[in-house]
Amino acid sequence: MSGPPRHLADLGLAERRQAVADLGEREFRADQLSRHYFGRHTDSAQDMTDLPAAVRSALAAALLPPLLTQQRSFACDKGATRKTLWRLHDGALVESVLMKYPDRVTMCVSSQAGCGMGCPFCATGQAGLTRNLSTAEIVAQVVAGERALPAAAAPGPAPGRLCTGNPAHGRVSNVVFMGMGEPLANYRNVIGAVRRLTDPVPAGLGISQRSVTVSTVGLVPAINRLASEGLSVTLAVSLHAPDDEARDGLVPVNRRWKVAEVLSAAWDYAAATGRRISIEYALIRDVNDQPWRADLLGSLLAGHLAHVNLIPLNPTPGSKWTASLPGAQDEFVSRVAAHGVAVTVRDTRGREIDGACGQLAALNSPNAPKGR
Ligand code: SAH
Ligand code: SF4
């Protein structure tokens with residue numbers, strides 16, 4: 001099966017100009033197409049009235065092919081949360097979730113169809129990896145989210161995001177790579193997507209880098225590489241246990257990169273970017289929620305630029321594991337906090353619509369910067 005069709009969002013602005021020139025058109029047409037896509041969220045040739053009628057369809061067909069087809073969509077939280085299941089050109093399925101808050105709109109995107117990391121508590125991990133998403137397939141999830149937002153639903157464009165566009169759409173303010181897949185296992189395309197999301201219009205969507213969170217299971221070489229990109233995105237590390245014994249069972253890649261190596265890479269990332277690390281920890285009853293593990297976690301993180309997000313486990317169908325009892329969760333929180341470490345329990349936005357994908361309960365990011 002051939003890969004996804006090439007799309008303008010796979011290319012930087014200079015490459016887009018070249019692609020347009022290769023099609024026999026003037027280079028500035030690339031900027032016009034880019035404004036339509038990133039500024040007005042349209043890929044339909046008939047909307048592009050600033051382009052000569054004779055070239056619109058050819059350019060749109062060559063550079064704005066449809067990438068996502070909506071398969072199903074579910075709303076909950078009185079419409080504030082919406083999960084969409086998308087079908088890709090080859091039939092692969094991925095999910096994205098749009099979450100509206102009073103002060104921000106967060107889009108949770110998938111970076112892969114499936115995931116090869118095999119974490120036993122995660123629904124995506126059970127099915128294995130189908131394939132990496134292209135840069136444009138990732139970006140298209142966010143563009144679709146913006147397209148779905150009425151202007152009034154969002155805090156409105158920040159300075160620098162104002163564009164001469166269709167004011168009928170709201171804006172996504174935050175993007176979290178917490179849908180399906182391990183983003184750092186699809187490194188190139190994810191970095192391309194981060195750049196497209198954060199470059200200003202017309203090069204990209206103009207979302208603030210600080211409002212983008214990349215969540216990883218702990219691929220140490222890729223964390224180091226990310227630290228050298230000169231980006232100021234937030235890194236979330238899915239730790240889930242402070243000791244190798246428990247983590248080896250919960251996160252199979254821990255057999256390759258141990259807790260100490262993962263945390264050391266995280267602190268290097270914090271030092272390089274000045275960004276606080278988000279430590280993700282799914283609380284699982286009698287597996288990783290013991291008081292001594294809370295103490296160990298607190299002592300490992302104390303004094304570092306870190307924040308703990310405790311996620312009540314959302315059991316996958318047939319799972320032998322369940323979420324911690326409320327008392328155990330409260331004690332875990334207070335023991336971590338006693339070490340002077342910032343800790344919050346995530347709200348479980350979207351829990352009622354996440355049946356197909358365990359981790360989608362986990363995507364609210366309370367420590368994400370507000371607005372932009
Ligand atoms: N692969 C990346 C990003 C996608 S998963 C990662 O693992 O970080 C996003 C988050 O959801 C991760 O912190 C993951 O551990 C968590 N998660 C997965 N399944 C879950 C479940 N059943 N209950 C609670 N959190 C879960
Ligand atoms: Fe993959 Fe993340 Fe799920 Fe682990 S938790 S299987 S890395 S998506």
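Trainee: How many bridges join strand E11 to strand E12?
Mentor: Helices (H or I, at least four residues) and strands (E, at least two) are DSSP runs numbered from the N terminus, and two strands pair if DSSP finds at least two bridges between them. E11 covers residues 306-312, E12 covers residues 342-345, and the two run parallel. The number of bridges joining them is four.

Trainee: Is the crossover from E11 to E12 right-handed or left-handed?
Mentor: The chain passes from E11 through helix H11 (residues 326-338) to E12. With the strands pointing away from the viewer, a path from the first strand over the helix to the second that runs clockwise is right-handed. This β-α-β crossover is right-handed.

Trainee: Is the model predicted or not, and what counts in it?
Mentor: Residues are numbered from 1 along each chain as its sequence is written, while chains are lettered from A and ligands numbered from 1 in the order in which they are written. Side-chain values use heavy atoms, without hydrogens and water; local features need pLDDT of at least 70, side-chain atom pairs count only at pLDDT 80 or more, and totals for chains, interfaces and linings use all residues, the model being predicted.

Trainee: How many residues of strand E9 are buried?
Mentor: Buried means under 20% relative accessible area, exposed over 50%, partly exposed in between (1.4 Å probe, protein chains only). Thr234, Ala236 and Ser238 point one way from E9, and Leu235 and Val237 the other way. Of the five residues in E9 (residues 234-238), the number buried is five.

Trainee: Which residue of E10 is the bridge partner of Ser238?
Mentor: E9 pairs with E10 in the parallel sense over three bridges. The E10 partner of Ser238 is Glu280.

Trainee: What kind of aromatic pair do Tyr37 and Phe38 form?
Mentor: Rings of Phe, Tyr and Trp (its six-membered ring) pair if their centres lie within 6.5 Å; planes under 30 degrees apart are stacked, over 60 edge-to-face, the rest tilted. The structure holds two such pairs. The centres of Tyr37 and Phe38 are 5.1 Å apart and their planes stand at 75 degrees, so this pair is edge-to-face.

Trainee: What kind of pair do Tyr281 and Phe332 form?
Mentor: Their ring centres are 5.0 Å apart and their planes at 45 degrees, so the pair is tilted. Tyr281 lies in strand E10 (residues 277-283) and Phe332 in helix H11, so the pair ties together parts 51 residues apart in sequence. Both residues are buried, and the kind of pair is tilted.
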